[in-house]
Amino acid sequence: MIEALLAQGSLVGASGKVAPISRIVATDILVEPTGLPADERVSYRGGDISDPEFVALLFADNPESVFHLAALVSGGAEQDFDAGMRANLTGTIHLLEAARRTGGCPRFVFTSSIATYGGDLPEIVSDEYHITPESSYGVQKAIGELLVNDYTRKGFINGRSLRLPIIAVRPGGANTAASSWASAIIREPLNGVDYACPVAPEDRGFVLSPLKAIEGLIVGHDAPDEAWGRNRSVMMAGLSCTAKDLVDALARVAGTPVANRVRWQPDPFVRGIVTTWPTQFSLRKASRIGLEADASIDDIVIQYMGDGC
Ligand SMILES: NC(=O)c1ccc[n+]([C@@H]2O[C@H](COP(=O)([O-])OP(=O)(O)OC[C@H]3O[C@@H](n4cnc5c(N)ncnc54)[C@H](O)[C@@H]3O)[C@@H](O)[C@H]2O)c1
(Lines give C-alpha, C1' and ligand atoms only; values in the text may rest on other atoms or scores of the structure.)
Protein backbone atom coordinates (compact mmCIF):
# COMPACT_ATOMS: atom_id res chain seq x y z
CA MET A 1 0.00 0.00 0.00
CA ILE A 2 2.73 2.44 1.00
CA GLU A 3 4.84 1.53 -2.04
CA ALA A 4 1.84 2.17 -4.30
CA LEU A 5 1.20 5.55 -2.66
CA LEU A 6 4.85 6.54 -3.05
CA ALA A 7 4.84 5.44 -6.71
CA GLN A 8 1.72 7.50 -7.42
CA GLY A 9 3.28 10.40 -5.50
CA SER A 10 0.04 12.34 -5.13
CA LEU A 11 -3.53 12.00 -3.93
CA VAL A 12 -6.69 14.00 -4.27
CA GLY A 13 -6.55 16.22 -1.18
CA ALA A 14 -9.32 17.43 1.09
CA SER A 15 -9.92 20.36 -1.28
CA GLY A 16 -10.69 17.94 -4.15
CA LYS A 17 -7.49 18.90 -6.01
CA VAL A 18 -4.53 16.56 -6.63
CA ALA A 19 -1.67 17.33 -4.22
CA PRO A 20 1.75 15.72 -3.73
CA ILE A 21 2.16 13.28 -0.84
CA SER A 22 4.61 14.98 1.50
CA ARG A 23 4.46 12.51 4.37
CA ILE A 24 3.13 9.05 5.23
CA VAL A 25 2.80 7.96 8.85
CA ALA A 26 2.47 4.18 8.96
CA THR A 27 1.17 2.42 12.03
CA ASP A 28 0.52 -1.04 13.41
CA ILE A 29 0.33 -2.63 16.83
CA LEU A 30 3.67 -4.30 15.98
CA VAL A 31 6.67 -2.61 17.60
CA GLU A 32 8.97 -3.34 14.64
CA PRO A 33 7.38 -3.20 11.17
CA THR A 34 8.77 -5.43 8.42
CA GLY A 35 9.28 -4.39 4.82
CA LEU A 36 8.57 -0.69 5.29
CA PRO A 37 9.90 1.19 2.21
CA ALA A 38 13.04 3.22 2.90
CA ASP A 39 11.87 6.69 1.89
CA GLU A 40 12.27 9.96 3.72
CA ARG A 41 8.54 10.63 3.41
CA VAL A 42 7.70 7.50 5.41
CA SER A 43 7.82 7.25 9.21
CA TYR A 44 6.45 4.63 11.57
CA ARG A 45 4.69 4.80 14.92
CA GLY A 46 3.81 1.50 16.61
CA GLY A 47 0.78 1.38 18.89
CA ASP A 48 -2.75 0.21 19.54
CA ILE A 49 -5.61 2.03 17.82
CA SER A 50 -7.92 1.04 20.67
CA ASP A 51 -5.87 3.46 22.82
CA PRO A 52 -7.27 6.99 22.18
CA GLU A 53 -4.11 8.72 23.44
CA PHE A 54 -2.00 6.83 20.94
CA VAL A 55 -4.43 7.69 18.13
CA ALA A 56 -4.30 11.37 19.10
CA LEU A 57 -0.50 11.23 18.71
CA LEU A 58 -0.89 9.62 15.28
CA PHE A 59 -3.05 12.50 14.12
CA ALA A 60 -0.78 15.21 15.54
CA ASP A 61 0.01 16.55 12.06
CA ASN A 62 -3.64 16.69 10.92
CA PRO A 63 -3.43 14.24 7.99
CA GLU A 64 -5.50 14.99 4.89
CA SER A 65 -6.00 11.29 4.11
CA VAL A 66 -6.45 8.19 6.25
CA PHE A 67 -6.23 4.60 4.98
CA HIS A 68 -7.56 2.38 7.76
CA LEU A 69 -6.51 -1.24 7.22
CA ALA A 70 -5.93 -2.36 10.81
CA ALA A 71 -8.15 -5.18 12.02
CA LEU A 72 -8.40 -8.42 13.87
CA VAL A 73 -9.57 -10.44 10.89
CA SER A 74 -12.53 -12.81 10.58
CA GLY A 75 -11.45 -16.05 12.30
CA GLY A 76 -9.62 -14.16 15.08
CA ALA A 77 -12.54 -11.82 15.80
CA GLU A 78 -14.91 -14.80 15.90
CA GLN A 79 -12.72 -16.68 18.36
CA ASP A 80 -11.99 -13.70 20.65
CA PHE A 81 -15.05 -11.45 20.75
CA ASP A 82 -13.54 -8.85 23.09
CA ALA A 83 -10.32 -8.49 21.07
CA GLY A 84 -12.39 -8.15 17.86
CA MET A 85 -14.56 -5.42 19.37
CA ARG A 86 -11.46 -3.56 20.60
CA ALA A 87 -9.54 -3.64 17.32
CA ASN A 88 -12.40 -3.47 14.83
CA LEU A 89 -14.97 -1.26 16.51
CA THR A 90 -13.31 0.73 19.31
CA GLY A 91 -10.21 1.27 17.16
CA THR A 92 -12.29 2.44 14.19
CA ILE A 93 -14.26 4.86 16.39
CA HIS A 94 -11.02 6.35 17.73
CA LEU A 95 -9.67 6.88 14.21
CA LEU A 96 -12.94 8.47 13.06
CA GLU A 97 -12.98 10.78 16.09
CA ALA A 98 -9.34 11.79 15.57
CA ALA A 99 -10.05 12.46 11.88
CA ARG A 100 -13.05 14.58 12.90
CA ARG A 101 -10.94 16.58 15.36
CA THR A 102 -8.51 17.61 12.60
CA GLY A 103 -11.30 19.94 11.42
CA GLY A 104 -10.11 19.49 7.83
CA CYS A 105 -12.64 16.86 6.64
CA PRO A 106 -9.93 14.32 5.65
CA ARG A 107 -10.63 11.60 3.09
CA PHE A 108 -11.04 8.41 5.13
CA VAL A 109 -10.75 5.02 3.40
CA PHE A 110 -12.11 2.16 5.48
CA THR A 111 -11.37 -1.44 4.50
CA SER A 112 -14.65 -3.24 5.05
CA SER A 113 -15.28 -6.79 3.96
CA ILE A 114 -17.35 -9.29 2.01
CA ALA A 115 -17.99 -10.69 5.53
CA THR A 116 -20.60 -7.92 6.03
CA TYR A 117 -22.92 -10.08 3.87
CA GLY A 118 -24.86 -13.08 5.16
CA GLY A 119 -28.38 -14.42 5.58
CA ASP A 120 -30.64 -15.46 2.71
CA LEU A 121 -28.68 -14.03 -0.18
CA PRO A 122 -29.94 -13.62 -3.74
CA GLU A 123 -27.90 -15.37 -6.42
CA ILE A 124 -26.51 -12.02 -7.59
CA VAL A 125 -26.06 -9.39 -4.88
CA SER A 126 -26.82 -5.84 -5.99
CA ASP A 127 -25.41 -2.59 -4.60
CA GLU A 128 -28.72 -1.87 -2.85
CA TYR A 129 -28.72 -5.16 -0.93
CA HIS A 130 -28.95 -4.71 2.84
CA ILE A 131 -26.05 -6.26 4.70
CA THR A 132 -26.90 -8.85 7.35
CA PRO A 133 -23.56 -10.20 8.58
CA GLU A 134 -23.33 -13.57 10.29
CA SER A 135 -20.05 -13.19 12.16
CA SER A 136 -18.83 -10.81 14.87
CA TYR A 137 -16.16 -9.53 12.45
CA GLY A 138 -18.81 -8.84 9.78
CA VAL A 139 -20.96 -6.98 12.31
CA GLN A 140 -17.99 -4.88 13.47
CA LYS A 141 -17.19 -3.96 9.86
CA ALA A 142 -20.87 -3.20 9.13
CA ILE A 143 -21.03 -0.81 12.12
CA GLY A 144 -17.82 0.82 10.86
CA GLU A 145 -19.47 1.40 7.48
CA LEU A 146 -22.52 3.02 9.09
CA LEU A 147 -20.27 5.30 11.13
CA VAL A 148 -18.26 6.26 8.04
CA ASN A 149 -21.56 7.19 6.38
CA ASP A 150 -22.73 9.26 9.33
CA TYR A 151 -19.40 11.05 9.88
CA THR A 152 -19.47 11.88 6.16
CA ARG A 153 -23.08 13.13 6.30
CA LYS A 154 -22.12 15.37 9.23
CA GLY A 155 -19.16 16.77 7.28
CA PHE A 156 -16.59 15.41 9.79
CA ILE A 157 -14.78 13.31 7.17
CA ASN A 158 -15.06 12.45 3.48
CA GLY A 159 -15.50 8.69 3.96
CA ARG A 160 -15.23 5.75 1.59
CA SER A 161 -15.76 2.13 2.74
CA LEU A 162 -14.57 -0.57 0.34
CA ARG A 163 -15.73 -4.12 0.96
CA LEU A 164 -12.72 -6.25 0.11
CA PRO A 165 -13.34 -9.63 -1.52
CA ILE A 166 -11.17 -12.56 -0.42
CA ILE A 167 -7.63 -11.35 -1.06
CA ALA A 168 -5.33 -13.87 -2.75
CA VAL A 169 -2.47 -14.43 -2.88
CA ARG A 170 -1.46 -12.73 0.39
CA PRO A 171 2.30 -12.93 0.93
CA GLY A 172 3.86 -14.16 4.18
CA GLY A 173 2.23 -16.68 6.47
CA ALA A 174 -1.38 -17.47 7.23
CA ASN A 175 -3.34 -15.00 9.40
CA THR A 176 -6.54 -15.67 11.33
CA ALA A 177 -8.78 -14.77 8.36
CA ALA A 178 -11.27 -17.53 7.55
CA SER A 179 -10.39 -16.79 3.91
CA SER A 180 -6.70 -17.53 4.49
CA TRP A 181 -7.08 -20.80 2.52
CA ALA A 182 -7.56 -18.92 -0.78
CA SER A 183 -3.99 -17.62 -0.48
CA ALA A 184 -2.40 -20.67 1.12
CA ILE A 185 -3.78 -23.01 -1.57
CA ILE A 186 -1.52 -21.20 -4.11
CA ARG A 187 1.28 -19.91 -1.87
CA GLU A 188 2.18 -23.05 0.09
CA PRO A 189 2.52 -25.43 -2.92
CA LEU A 190 4.56 -22.79 -4.80
CA ASN A 191 6.87 -22.60 -1.78
CA GLY A 192 7.29 -26.40 -1.81
CA VAL A 193 4.95 -27.01 1.13
CA ASP A 194 2.06 -29.53 1.21
CA TYR A 195 -1.26 -27.87 2.04
CA ALA A 196 -4.36 -29.32 3.71
CA CYS A 197 -7.18 -27.10 2.40
CA PRO A 198 -9.93 -26.43 5.02
CA VAL A 199 -12.71 -25.94 2.44
CA ALA A 200 -14.21 -28.36 -0.11
CA PRO A 201 -13.18 -28.27 -3.82
CA GLU A 202 -16.63 -26.97 -4.84
CA ASP A 203 -16.70 -24.16 -2.23
CA ARG A 204 -16.79 -20.85 -4.04
CA GLY A 205 -15.16 -17.54 -3.20
CA PHE A 206 -15.01 -14.04 -4.64
CA VAL A 207 -11.35 -13.23 -5.07
CA LEU A 208 -9.13 -10.22 -5.78
CA SER A 209 -5.33 -9.96 -5.88
CA PRO A 210 -3.41 -7.74 -3.41
CA LEU A 211 -2.26 -5.44 -6.25
CA LYS A 212 -5.81 -4.87 -7.50
CA ALA A 213 -7.03 -4.38 -3.90
CA ILE A 214 -4.40 -1.71 -3.24
CA GLU A 215 -5.07 -0.04 -6.59
CA GLY A 216 -8.80 -0.05 -5.72
CA LEU A 217 -8.27 1.55 -2.31
CA ILE A 218 -6.37 4.41 -3.94
CA VAL A 219 -8.88 4.76 -6.79
CA GLY A 220 -11.67 4.77 -4.19
CA HIS A 221 -9.86 7.48 -2.24
CA ASP A 222 -9.44 9.69 -5.29
CA ALA A 223 -12.86 9.15 -6.90
CA PRO A 224 -15.19 12.16 -6.89
CA ASP A 225 -18.03 12.38 -4.35
CA GLU A 226 -20.62 11.97 -7.16
CA ALA A 227 -19.27 8.51 -8.03
CA TRP A 228 -19.82 7.44 -4.42
CA GLY A 229 -23.22 9.01 -3.82
CA ARG A 230 -24.75 9.28 -0.35
CA ASN A 231 -24.03 5.69 0.65
CA ARG A 232 -20.27 5.59 1.06
CA SER A 233 -19.97 1.78 0.91
CA VAL A 234 -19.14 -0.34 -2.12
CA MET A 235 -18.39 -3.98 -2.89
CA MET A 236 -15.10 -4.12 -4.79
CA ALA A 237 -14.79 -6.00 -8.08
CA GLY A 238 -13.41 -9.56 -8.07
CA LEU A 239 -13.57 -13.00 -9.70
CA SER A 240 -15.99 -15.73 -8.61
CA CYS A 241 -14.23 -19.10 -8.47
CA THR A 242 -14.20 -22.41 -6.61
CA ALA A 243 -11.29 -23.76 -4.56
CA LYS A 244 -10.78 -26.30 -7.35
CA ASP A 245 -10.61 -23.47 -9.94
CA LEU A 246 -7.67 -22.03 -7.97
CA VAL A 247 -5.87 -25.39 -7.91
CA ASP A 248 -6.52 -25.83 -11.65
CA ALA A 249 -5.01 -22.39 -12.31
CA LEU A 250 -2.00 -23.37 -10.20
CA ALA A 251 -1.61 -26.55 -12.29
CA ARG A 252 -1.82 -24.56 -15.55
CA VAL A 253 0.70 -21.93 -14.45
CA ALA A 254 3.13 -23.91 -12.25
CA GLY A 255 2.52 -27.53 -13.28
CA THR A 256 0.55 -30.52 -11.97
CA PRO A 257 3.21 -31.72 -9.45
CA VAL A 258 2.96 -28.34 -7.68
CA ALA A 259 -0.87 -28.42 -7.67
CA ASN A 260 -0.77 -31.99 -6.32
CA ARG A 261 0.64 -30.62 -3.05
CA VAL A 262 -2.95 -29.61 -2.16
CA ARG A 263 -5.17 -32.11 -0.35
CA TRP A 264 -8.71 -31.55 0.87
CA GLN A 265 -9.42 -31.50 4.59
CA PRO A 266 -12.66 -29.49 5.06
CA ASP A 267 -12.97 -27.80 8.48
CA PRO A 268 -16.51 -27.02 9.71
CA PHE A 269 -15.38 -23.81 11.53
CA VAL A 270 -13.82 -22.29 8.40
CA ARG A 271 -16.60 -23.52 6.07
CA GLY A 272 -19.20 -22.23 8.55
CA ILE A 273 -17.88 -18.69 7.99
CA VAL A 274 -16.86 -18.61 4.33
CA THR A 275 -19.94 -20.34 2.91
CA THR A 276 -22.12 -17.48 4.29
CA TRP A 277 -20.34 -15.01 2.00
CA PRO A 278 -21.85 -14.27 -1.43
CA THR A 279 -19.92 -15.06 -4.59
CA GLN A 280 -21.67 -13.01 -7.31
CA PHE A 281 -22.34 -9.28 -7.41
CA SER A 282 -23.81 -6.81 -9.89
CA LEU A 283 -20.92 -4.36 -9.22
CA ARG A 284 -22.45 -1.34 -11.00
CA LYS A 285 -21.22 1.07 -8.33
CA ALA A 286 -17.73 -0.48 -8.35
CA SER A 287 -17.43 0.20 -12.07
CA ARG A 288 -18.76 3.78 -11.62
CA ILE A 289 -15.98 4.40 -9.09
CA GLY A 290 -13.41 2.76 -11.39
CA LEU A 291 -12.68 -0.43 -9.40
CA GLU A 292 -11.39 -3.38 -11.45
CA ALA A 293 -11.01 -7.15 -10.99
CA ASP A 294 -8.00 -9.18 -12.13
CA ALA A 295 -8.16 -10.35 -15.75
CA SER A 296 -8.11 -14.06 -14.76
CA ILE A 297 -7.30 -16.46 -11.93
CA ASP A 298 -4.15 -17.46 -13.80
CA ASP A 299 -3.09 -13.80 -13.58
CA ILE A 300 -3.52 -13.91 -9.80
CA VAL A 301 -1.15 -16.91 -9.60
CA ILE A 302 1.33 -15.28 -11.99
CA GLN A 303 1.27 -12.04 -9.96
CA TYR A 304 2.27 -13.93 -6.81
CA MET A 305 5.00 -15.90 -8.61
CA GLY A 306 6.48 -12.65 -9.88
CA ASP A 307 6.11 -10.87 -6.58
CA GLY A 308 6.05 -12.81 -3.42
CA CYS A 309 7.38 -16.33 -3.85
N1 LIG B 1 -7.14 -10.26 3.41
C2 LIG B 1 -8.41 -10.40 3.13
O3 LIG B 1 -8.80 -11.38 2.46
C4 LIG B 1 -9.43 -9.35 3.53
C5 LIG B 1 -10.73 -9.49 3.10
C6 LIG B 1 -11.67 -8.56 3.48
C7 LIG B 1 -11.28 -7.47 4.27
N8 LIG B 1 -10.00 -7.34 4.69
C9 LIG B 1 -9.64 -6.19 5.52
O10 LIG B 1 -8.52 -5.54 4.94
C11 LIG B 1 -7.66 -5.02 5.97
C12 LIG B 1 -6.25 -5.56 5.80
O13 LIG B 1 -6.29 -6.98 5.86
P14 LIG B 1 -4.98 -7.86 5.92
O15 LIG B 1 -5.29 -9.14 5.25
O16 LIG B 1 -3.81 -7.06 5.48
O17 LIG B 1 -4.93 -8.16 7.47
P18 LIG B 1 -3.65 -8.39 8.41
O19 LIG B 1 -4.12 -9.19 9.59
O20 LIG B 1 -2.49 -8.88 7.64
O21 LIG B 1 -3.30 -6.89 8.85
C22 LIG B 1 -4.04 -6.21 9.79
C23 LIG B 1 -3.04 -5.48 10.67
O24 LIG B 1 -3.76 -4.77 11.69
C25 LIG B 1 -2.93 -4.76 12.83
N26 LIG B 1 -3.75 -4.53 14.02
C27 LIG B 1 -4.66 -5.36 14.58
N28 LIG B 1 -5.18 -4.80 15.68
C29 LIG B 1 -4.59 -3.59 15.82
C30 LIG B 1 -4.72 -2.56 16.76
N31 LIG B 1 -5.57 -2.67 17.80
N32 LIG B 1 -3.96 -1.45 16.61
C33 LIG B 1 -3.10 -1.35 15.57
N34 LIG B 1 -2.94 -2.29 14.63
C35 LIG B 1 -3.68 -3.41 14.77
C36 LIG B 1 -2.31 -6.15 12.86
O37 LIG B 1 -1.13 -6.16 13.64
C38 LIG B 1 -2.07 -6.43 11.39
O39 LIG B 1 -0.75 -6.13 10.99
C40 LIG B 1 -8.31 -5.43 7.29
O41 LIG B 1 -9.09 -4.35 7.75
C42 LIG B 1 -9.21 -6.58 6.93
O43 LIG B 1 -10.30 -6.67 7.82
C44 LIG B 1 -9.06 -8.27 4.33
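User: In this predicted model, what is the strand order of the open sheet of four strands?

Analyst: The sheet is open and its strands pair in parallel fashion. Averaged over neighbouring strands and with direction ignored, the turn of one against the other is 20°. The order of the four strands is β5-β6-β7-β11.

User: Which strands stand at the edges of this sheet?

Analyst: A strand with a single partner has one side left without a neighbour in the sheet, so it stands at an edge. For one of these strands, the partner is β7 (residues 158–164), joined to β11 by three bridges. The edge strands are β5 (65–68) and β11 (233–235).

User: Which residue in β11 stands opposite R163?

Analyst: Strands β7 and β11 run parallel. The residue opposite R163 in β11 is M235.

User: Are helices α6 and α9 roughly parallel or roughly antiparallel?

Analyst: Helix α6 (residues 180–190) packs with helix α9 (residues 243–254) at an angle of about 25°, and their axes are 10 Å apart. Angles under 35 degrees count as roughly parallel. Therefore the relation of α6 to α9 is roughly parallel.

User: How many nonpolar residues does the contact of α6 with α9 have?

Analyst: From α6, the residues A182, I185, I186, P189 and L190 take part, and they meet A243, L246, V247, L250 and A254 in α9. The contact has no polar and no charged residues. The number of nonpolar residues is ten.

User: How many residues surround the ligand?

Analyst: Among the closest are A70, S113 and I167. By class, the shell has 14 nonpolar, six polar and three charged residues. The number of residues surrounding the ligand is 23.

Definitions and conventions: Residues are numbered from 1 along each chain as its sequence is written. This is a predicted model: local features need pLDDT of at least 70, side-chain atom pairs count only at pLDDT 80 or more; totals for chains, interfaces and linings use all residues. A residue is near a molecule or strand if its C-beta atom, placed from the backbone, lies within 6 Å of it. Ala, Val, Leu, Ile, Met, Phe, Trp, Tyr, Cys and Pro count as nonpolar, Asp, Glu, Lys and Arg as charged, and the others, Gly among them, as polar. Axes are lines fitted to C-alpha atoms, for helices over the stretch in contact, and angles run from 0 to 180 degrees between N-to-C directions. Helices (H or I, at least four residues) and strands (E, at least two) are DSSP runs, numbered from the N terminus. Angles under 35 degrees count as roughly parallel, over 145 as roughly antiparallel, 65 to 115 as roughly perpendicular and the rest as oblique. Two residues are in contact if their C-beta atoms, placed from the backbone, lie within 7 Å. Two strands pair if DSSP finds at least two bridges between them.
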